[in-house]
Amino acid sequence: MKGILEAAIANPWAALRTVLDGPLHPGGEEATGELLDRAGVTEGTRLVDVGCGAGESLGVARARGADAVGVDRNPAGDGTIRGEMTRLPFADETVEVVLAECTVCLADDRERALAEMSRILEPGGRLALSDVVVDGELPALPEPIVRSLCLRNSRSREETVTELEAAGFTVGELRDHREELMAMRDQVGERVDYERLLGLLGERGGRLLDGIETVETAVEEGSVGYVSLVARVEDEDI
Ligand SMILES: C[S@@+](CC[C@H](N)C(=O)[O-])C[C@H]1O[C@@H](n2cnc3c(N)ncnc32)[C@H](O)[C@@H]1O
């Protein structure tokens, strides 16, 4: 049992994927569908899902007829290729929509990742982004929690908009997904008795449980959140 736990801590997304039914972001496929609507993804839209994971969102995009490809550091599933978000394997101005769900928060060089997304988008192209946001100073947390909840490289709502503008995007309405984030937490809590499991790890498990509680409070208070937005690369002809 301890071995399984250690594996889950080392690769939290694989573990989470076995617990959740769909994609690894708050709101699941419904939230993806809504974001694709806002980005105008329809039949034939050329779309790249950056950090596509197991490709669930690709399925949502393809179901509406989009011509969708996924890129991930650890690709899985049909139509996914290996690549880094800071060096996207696509030519300049060849894509209509970049989808990036719970991905930019993992970039060590966010500026570079956003510049790459902007580079591959054609004029008038859209970045459909949803991501973790952190307002203010986070308390000290155990490293596995920071990593699995994508907190290390997250920014505040305001900083996220500012860095997108600096990368040449015009940013649309920012929507908050606090309810979906809490529902995701509840779903994991209902399916995994993590208090008992982490209890098996002794003091270390206790520190992880304290960390989870700290993050839950931060989510309830709104200093850790999840947002979505559509940002547009200006069309030079307009
Ligand atoms: C939290 S998961 C989100 C997966 C998917 N977008 C979803 O919402 O279900 C983050 C994904 O980003 C990928 N990833 C992390 N760093 C990356 C990088 N530098 N370049 C490409 N993919 C990366 C991970 O392998 C993982 O599949």
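This is a guided walk through the structure shown above, which is a predicted model.

Let us begin with strand 1, which covers residues 46–50. Four of the five residues in this strand are buried, so that it is mostly covered, with "buried" meaning that 20 or more other C-beta atoms lie within 10 Å of a residue's own. Strand 1 has strand 2, residues 67–72, as a parallel partner, and five bridges link the pair. To see one of these bridges, find valine 48 and look across to valine 69 in strand 2. How does the chain get from strand 1 to strand 2? It passes through helix 4, residues 56–63, in a β-α-β crossover that is right-handed.

Strand 1 also pairs with strand 4, which spans residues 95–101. These two strands run parallel as well, and three bridges join them. Valine 48 is again a useful landmark here, with valine 98 as its bridge partner in strand 4.

Now turn back to helix 4. Its buried residues are Glu56, Ser57, Leu58, Val60 and Ala61. What do these buried residues pack against? Their neighbours are helix 3 (28–38), strand 1, strand 2 and strand 4. A general point about helices is handy to keep in mind: an α-helix has 3.6 residues a turn, so residues three or four places apart point the same way. Just past the end of helix 4 you will meet glycine 65, whose phi is positive, at about 90 degrees.

Next, look at how nonpolar residues gather. In soluble globular proteins, nonpolar side chains tend to be buried together. In this model the largest nonpolar core has 55 residues, and the members that touch the most others are Ala61, Val98, Met117, Leu127 and Ala128. Strand 5, residues 121–134, gives the most to this core, with seven residues. Two of those well-connected members have already appeared on our walk: Ala61 among the buried residues of helix 4, and Val98 as a bridge partner of valine 48.

Alanine 128 deserves a visit of its own. Which residues does alanine 128 contact, leaving aside its neighbours within four places in sequence? The list is Leu35, Leu36, Arg38, Ala39, Val97, Leu99 and Val230. The last of these, valine 230, stands opposite alanine 128 in strand 8.

That brings us to strand 8, which runs from residue 224 to residue 233. Eight of its ten residues are buried, and the strand is mostly covered. Strand 5 pairs with strand 8 in the antiparallel sense, over nine bridges. Strand 6, residues 169–171, is also antiparallel to strand 8, with three bridges between them; one pair to look for is phenylalanine 169 and valine 233. Strand 7 joins strand 8 through two bridges, and these strands run antiparallel too.

Strand 7 consists of residues 175–176, and aspartate 176 is found there. Is aspartate 176 buried or partly exposed? It counts as partly exposed, because it has 14 C-beta neighbours inside 10 Å. Aspartate 176 stands opposite valine 227 in strand 8, and its contacts beyond four places in sequence are Gly225 and Val227. Serine 228 is 52 residues away from aspartate 176 in sequence, yet their C-alpha atoms are 6.7 Å apart in space.

Two residues in loops are worth a stop. Glutamate 93 sits in the loop between strand 3 (80–82) and strand 4, while cysteine 150 lies in the loop between helix 6 (143–148) and helix 7 (157–166). Each has a positive phi in a residue other than glycine: near 50 degrees for glutamate 93, and near 60 degrees for cysteine 150. Glutamate 93 is partly exposed because 13 other C-beta atoms lie within 10 Å, whereas cysteine 150 counts as buried because it has 22 such neighbours inside 10 Å. From C-alpha to C-alpha, glutamate 93 and cysteine 150 are 29 Å apart. Beyond residues up to four places away in sequence, glutamate 93 touches Leu121, Glu122 and Pro123.

Our final stop is the ligand. There are 19 residues around it, and Pro23, Leu24, Gly51, Gly53 and Arg73 come nearest. What kinds of residues make up this shell? Eight are nonpolar, six are polar and five are charged.

Key: Residues numbered from 1 in each chain as written. Predicted model: local features only at pLDDT ≥ 70, side-chain atom pairs only at ≥ 80, totals over all residues. Buried ≥ 20, exposed ≤ 12 C-beta atoms within 10 Å, placed from the backbone. Pairing = 2+ DSSP bridges. Right-handed = clockwise from strand over helix to strand, strands pointing away. Near = placed C-beta within 6 Å. Nonpolar A, V, L, I, M, F, W, Y, C, P; charged D, E, K, R; others polar. Core = buried A, V, L, I, M, F, W, Y, C linked by C-beta atoms within 7 Å. Contact = placed C-beta atoms within 7 Å.
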